[in-house]
Amino acid sequence: MTQEEQLKQEILDKTKEYYELVHKKNQTKPFVAGESRVNYAGRVFDEKEMMNLVDSSLDFWLTYGDYSKKFEKELAKFLHVRWAFLVNSGSSANLLAFYALTSPLLKERQVKRGDEVITVAAGFLTTVAPIVQYGAVPVFVDMELKHFNIDVTQLEQALSPKTKAVMIAHTLGNPFDIKAVKAFCDKHNLWLIEDNCDALGSMYDGKPTGTWGDIGTSSFYPPHHMTMGEGGATYTDNPLLKKIMLSMRDWGRDCWCESGVDNTCGCRFTQQFGSLPKGYDHKYVYSHFGFNLKATDMQAAVGCAQLEKFPSFVEKRKENFKKLYNGLKDIQELMLVEAQIQSDPSWFGFMMTLTKEAKFTRNDLVEYLENNNIQTRNLFAGNMLRHPLFESLEKDKDYRSVGLLPNTDKIMNDSFWIGLYPGMGDEAIDYMIEIIKNFLITKKGYFC
């Protein structure tokens with residue numbers, strides 16, 4: 001072992017020691033009912049993530065490097081797809097996935113300004129934002145209130161001669177009716193982007209979500225199924241979309257050389273592009289108006305360690321969902337989310353909606369939970385059409401909707417969710433069940 005290798009190993013050993021001294025106690029401290037905070041999500045990690053992070057930082061490569069390549073390869077292997085591309089966030093993944101559909105290389109299937117994209121208004125804004133930012137027209141359909149996903153019976157109503165794509169998320173890990181949506185897209189020759197940011201690890205009819213459509217996206221922000229701090233990914237089996245996404249992720253360049261590498265193609269100074277001089281440096285030829293959405297190798301280093309643990313994360317989420325469901329299923333005032341038919345969800349959260357039997361508001365219940373140290377979340381935007389950002393848009397010009405979206409409004413007014421992430425033990429799950437039941441006991445005649 002060289003002096004450098006020996007010193008590096010000492011540093012990594014000390015990193016492990018630091019984890020044991022500082023972080024492990026927070027990862028393993030006992031739950032105290034009424035005192036411990038029950039967060040809706042959180043990081044689950046050990047010394048391996050920290051050692052990978054330090055190892056990468058000592059190399060000081062900083063940008064896309066060996067850990068990034070490894071992560072992309074392992075994520076693609078996990079999902080059984082040909083290619084996965086690391087980006088700096090799940091929102092950037094959605095941006096890249098959508099903008100890939102605007103490439104002129106797609107010819108007659110290119111999404112152009114004014115074209116329409118079918119989506120839903122109940123969810124996270126950055127599933128829809130790229131559509132509006134580009135100048136395409138989102139067409140909103142309503143939700144169904146059993147699986148809390150897109151109402152597929154409205155797809156044909158949303159269709160027009162301008163429709164080019166469908167872009168929707170799997171709500172809180174619960175797959176939407178993929179077969180119905182995929183059949184609709186195939187029938188009308190539409191692109192399908194699966195926002196898989198809340199559903200990594202979910203299965204539908206034996207196949208991972210995010211891999212049924214043309215492009216899938218993931219987020220690795222700390223609350224998500226796995227984390228690298230900030231980070232995200234896109235994935236596809238389509239060779240042309242692969243080419244487009246690599247170009248758009250990396251400034252829009254035509255060259256495909258990795259960071260720090262020159263002349264991969266062997267003809268860097270001999271080709272003709274556009275009306276540029278023949279032999280213009282291929283490193284600086286651009287085929288798209290792109291972005292710089294790359295993540296750092298240090299983020300990827302954390303992701304590599306997380307990916308090794310990922311199957312256990314998924315199983316723990318399923319276990320916690322089952323415990324919450326069994327503990328709350330007899331409460332008439334709460335309608336609980338049901339798993340989509342033919343699916344095996346990797347749950348992101350536990351969704352509940354007030355029924356007509358409830359004589360209290362959603363806020364009454366969530367404030368009670370928050371006051372008892374249980375963190376809650378609405379289903380993100382609820383109905384994003386009712387947010388201030390849509391006040392500057394003109395209905396039936398900048399966006400359309402199929403009807404008034406009553407179920408979306410129901411979700412906005414009466415739904416919320418609590419956590420079930422892998423860091424939760426049985427004590428935290430039991431405490432949440434107890435506190436919800438205690439709330440109902442305080443409402444005379446509300447719970448038996």
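Is Phe390 buried or exposed, and what is its relative accessible area? In this predicted model, Phe390 is buried, with a relative accessible area of 5%. Its description belongs with that of the aromatic pairs, which are taken up below after the nonpolar cores.

The largest nonpolar core holds 62 residues, of which Val166, Val181, Phe350, Met352, Ile418 and Ile436 touch the most other members. The element that gives the most to this core is helix α12, which spans residues 426-441 and supplies nine residues. Apart from this core lies another, made up of 27 residues, with Ile131, Tyr134, Ile215 and Leu241 among them. When residues up to four places away in sequence are left out of the count, Val166 touches Val117, Ile118, Val181, Phe184, Cys185, Leu190, Trp191, Leu192 and Ile193; one of these contacts, Val181, is itself named among the residues of the largest core that touch the most other members.

A polar residue, Thr353, is placed in strand β12, which covers residues 350-354. With a relative accessible area of 0%, Thr353 falls under the 20% limit and is therefore buried. Beyond residues up to four places away in sequence, the contacts of Thr353 are with Phe148, Glu333, Leu334, Met335, Lys410, Asp414 and Ser415.

Aromatic pairs number 21 in the structure. In one of them, the rings of Phe98 and Tyr99 have centres 6.0 Å apart and planes at 85°, and because this angle is over 60 degrees the pair is edge-to-face. Phe98 counts as buried at 0% relative accessibility, and Tyr99 is likewise buried, with a relative accessible area of 14%. The rings of Phe390 and Tyr399 also form an edge-to-face pair, since their planes stand at 90°, with the centres 5.1 Å apart. As stated at the outset, Phe390 is buried, and its partner Tyr399 counts as buried at 10% relative accessibility. Elsewhere in the description of the rings, a cluster is formed by Tyr40, Phe124, Phe348, Phe380 and Trp417, which are linked by ring pairs.

Open and enclosed spaces were examined next. The largest pocket contains about 630 Å³ of space, and of the 21 residues that line this pocket, Asn26, Gln27, Lys29, Tyr421 and Gly423 are the closest to its centre. The elements that give two or more residues to the lining of the largest pocket are α1, which runs over residues 3-28, and α12; the largest share of that lining, four residues, comes from α1. Helix α12 thus appears in two parts of this account, as the element that gives the most to the largest nonpolar core and as a contributor to the lining of the largest pocket. By character, the lining of the largest pocket divides into eight nonpolar, nine polar and four charged residues.

Cavities of 30 Å³ or more are three in number, and the largest cavity has a volume of about 50 Å³. The lining of the largest cavity consists of Gly42, Arg43, Val44, Pro222, His224, His225, Met226, Thr227, Gln306, Phe313, Arg317 and Pro422. These lining residues divide into five nonpolar, five polar and two charged.

Definitions and conventions: Residues numbered from 1 in each chain as written. Predicted model: local features only at pLDDT ≥ 70, side-chain atom pairs only at ≥ 80, totals over all residues. Heavy atoms only, no water. Core = buried A, V, L, I, M, F, W, Y, C linked by side-chain atoms within 4.5 Å. Buried < 20%, exposed > 50% of the residue type's maximum accessible area, 1.4 Å probe, protein only. Contact = heavy atoms within 4.5 Å. 1 Å grid on protein atoms, 1.4 Å probe; cavity = no way out; pocket = protein on both sides within 12 Å on 5 of 7 lines; lining within 4 Å. Points joined across faces, edges and corners; volume = space filled by probe spheres on them. Nonpolar A, V, L, I, M, F, W, Y, C, P; charged D, E, K, R; others polar. Phe/Tyr/Trp six-rings, centres within 6.5 Å; stacked < 30°, edge-to-face > 60°.
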